[in-house]
Amino acid sequence: MEKTARAADQTAEKAVQRCIDSACGATYGLRERIYVCPRCGGTLEILCHLDASGDPAAMRQRWAARAASRDPRDVSGVWRYREMLPFDEPIPFVTLFEGNTPLYHGPRSSQYCGLDDLRLKHQGCNPTGSFKDTGMTTAITQAVVLGARTAVCASTGNTSASLAAYAGRAGLQSAVLLPRGQISSGKLAQSLDYGALVCEIDGNFDDCMRLIQELGDDPSIYVANSINPFRIEGQKTVAFEMMEQCLWQVPDHVVVPGGNMGNSTALGKGFQELLDLGMIDRLPKLSVIQAEGAAPVARLFATLDLKQAAGGANLPETMAPVENPRTLATAIKIGAPVSWKKALRAVLRSEGKVISVSEQEIADAKAIIGHDGIGCEPGSATTVAGIRKLVTAGHIRADENVVAVLTGHMLKDPDYVTAYHRGTLAIDSSAKDGSGAPQAIHGAFQNSPQRVAANKAAILATLERRR
Ligand code: F0G
């Protein structure tokens, strides 16, 4: 299809692809296989022509009724909201019944953060164990709509696992570019098992992402990174599901980890659409937490004049990347996030914050979430660490209503967890040449395994010592 900017026929199409750069704003049809604006190189988003004249109560009821239906489109916690998605019926949807993830109260995590009540939305309970599935179902469905042959992505491990699973489901070939030696074994195992071609690249995630942007020109290839706006569309439904679970009482704050910044973009879009439709009456403050060693957006945010940037209208043109991102939370070890502009706009519109947290803070927050009986991966625990900081800083009040989004399951990275509890967790030296001693992380909630003799008395005595 010809890649020229055109005024798409807004009445005929349910949605268009649009450049987010306000000086450009070019629109493109949904069938154009593009990932950035062909006119100016800007980031694309999907503009859904939502009918704001409808009755919000009727829409809520329709969604609630579908949650009790056995129709596969309704069993999926993404396709249940299909009128909000940029697809025309009949949709050749590719689903593993994603979404439908629990919203838990976390009493110990609340106390740790200094909050009366913190809730945790566990996106790690998706089919491949991370939030990526909610966006992969729509991206791979779009790949099928376009007749693509091969789906590809760069990944820190979760996108690749999800892509491999959904491509496998659709009968598409898949290839994933992973930074060699920087992916947890659980995530690598998933991509292998779901049948993807796994390319281990000598470089970091940002190098893989650069390669993906080059590969996207090949007509046989469909790029499924979150630069692809169809990914964002699926991921935005998490905002809808969360609002149903909150009985439509808007949380004061929603807090997510930040890596490539697709998740924050998507949640921001989902809440904005609910507001535009009159289904909620205000936006939750959306805050994003990065790991200290991989925090380009938090760094930029700290330099912004918030009054001038309020509403997200005056976005900075550029963001300085972090050349050598460094964190044990490998999921978010990213120095040049592709969706930073869209995410920053969503944060500013909602009056949220972007901050960073240390390795120690991430590790201890993860253990506390574990004490609530909820297992998440290190990247996800940035949320609880960040909320604690935002409470201390006075941005979040103790009596406010807060939801943290946990993005991945604990079993994605058990090596990290056992190292924390055995007291052997350490991050490599920050010296660029790798020289210098690793920095040890002393777990405040360490729980190392005990060697116990094989008899009842020894077990009871060990138990007694722990009481
Ligand atoms: N949490 C987990 C568990 C992730 O895997 C990621 C990103 C994030 C948070 C950050 O989300 O990129 O939308 O800001 N993982 C990507 C991947 C980069 O390749 O799996 P984001």
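Me: Let's start with a term: exposed means over 50% relative accessible area, and buried means under 20%. In this predicted model, is Glu351 buried or exposed?

Reply: Happy to look at that one. Glu351 is in the loop between α12 and β12 (354-357). Its relative accessible area is 56%, and the cut-off is over 50%, so Glu351 counts as exposed.

Me: What is the phi of Glu351, roughly?

Reply: Glu351 comes after helix α12. Glu351 is not a glycine, yet its phi is positive. The value is about 65 degrees.

Me: How many residues of the helix before it, α12, are buried?

Reply: Helix α12 spans residues 340-350 and is mostly covered. Among its buried residues are Trp340, Lys341, Arg345 and Ser350. Out of eleven residues, the number buried is ten.

Me: In the loop between α2 and β4, which residue has a positive phi although it is not a glycine?

Reply: That loop, between α2 (72-75) and β4 (103-105), also holds Pro90, which is joined to Glu89 by a cis peptide bond with omega about -5 degrees. The residue you are after is partly exposed, at 42% relative accessibility. With a phi of about 60 degrees, it is Phe97.

Me: Now the ligand, please. Where does it sit?

Reply: The shell around the ligand takes at least two residues from each of α5 (158-170) and α9 (262-276). Of the 20 residues around the ligand, those that come nearest include Ser155, Asn260 and Met261. As for the site, the ligand sits in the largest cavity.

Me: A nitrogen atom of the ligand is 2.6 Å from an N or O atom in the side chain of which residue?

Reply: Two other short distances involve oxygen atoms of the ligand and backbone atoms: 2.8 Å for Thr156 and 2.7 Å for Asn263. The nitrogen atom of the ligand instead pairs with a side-chain atom, at 2.6 Å, and that side chain belongs to Thr407.

Me: And how much of the ligand's accessible area does the protein cover?

Reply: Thr407 contributes the 2.6 Å side-chain distance to the ligand's nitrogen atom. On its own, the ligand has 470 Å² of accessible area, and the share that the protein covers is 99%.

Me: Last one: how many disulfides does a search of the whole structure find?

Reply: A disulfide needs two cysteine sulfur atoms within 2.5 Å. The search comes back with none: the sulfur nearest to buried Cys37 is that of Cys24, 3.8 Å away. The sulfur of Cys376 is 11 Å from the closest one, in Cys125, so that pair is too far for a bond. The total is zero.

Notes. Residues are numbered from 1 along each chain as its sequence is written. This is a predicted model: local features need pLDDT of at least 70, side-chain atom pairs count only at pLDDT 80 or more; totals for chains, interfaces and linings use all residues. Side-chain values use heavy atoms; hydrogens and water are left out. Buried means under 20% relative accessible area, exposed over 50%, partly exposed in between (1.4 Å probe, protein chains only). A residue is near a molecule or strand if one of its heavy atoms lies within 4 Å of it. A polar contact is a pair of N or O atoms within 3.5 Å; within protein, one must be able to donate a hydrogen and the other to accept it, and residues adjacent in sequence count only if both atoms are side-chain atoms. Accessible areas come from the Shrake-Rupley method with a 1.4 Å probe; for residues, only the protein chains shown count as cover. On a 1 Å grid over the protein atoms alone, a cavity is a set of points where a 1.4 Å probe fits but cannot get out, and a pocket is an open set with protein on both sides within 12 Å along at least five of seven lines; lining residues have an atom within 4 Å of a point. A molecule sits in a cavity or pocket if more than half of its atoms lie within 2 Å of its grid points. Helices (H or I, at least four residues) and strands (E, at least two) are DSSP runs, numbered from the N terminus.
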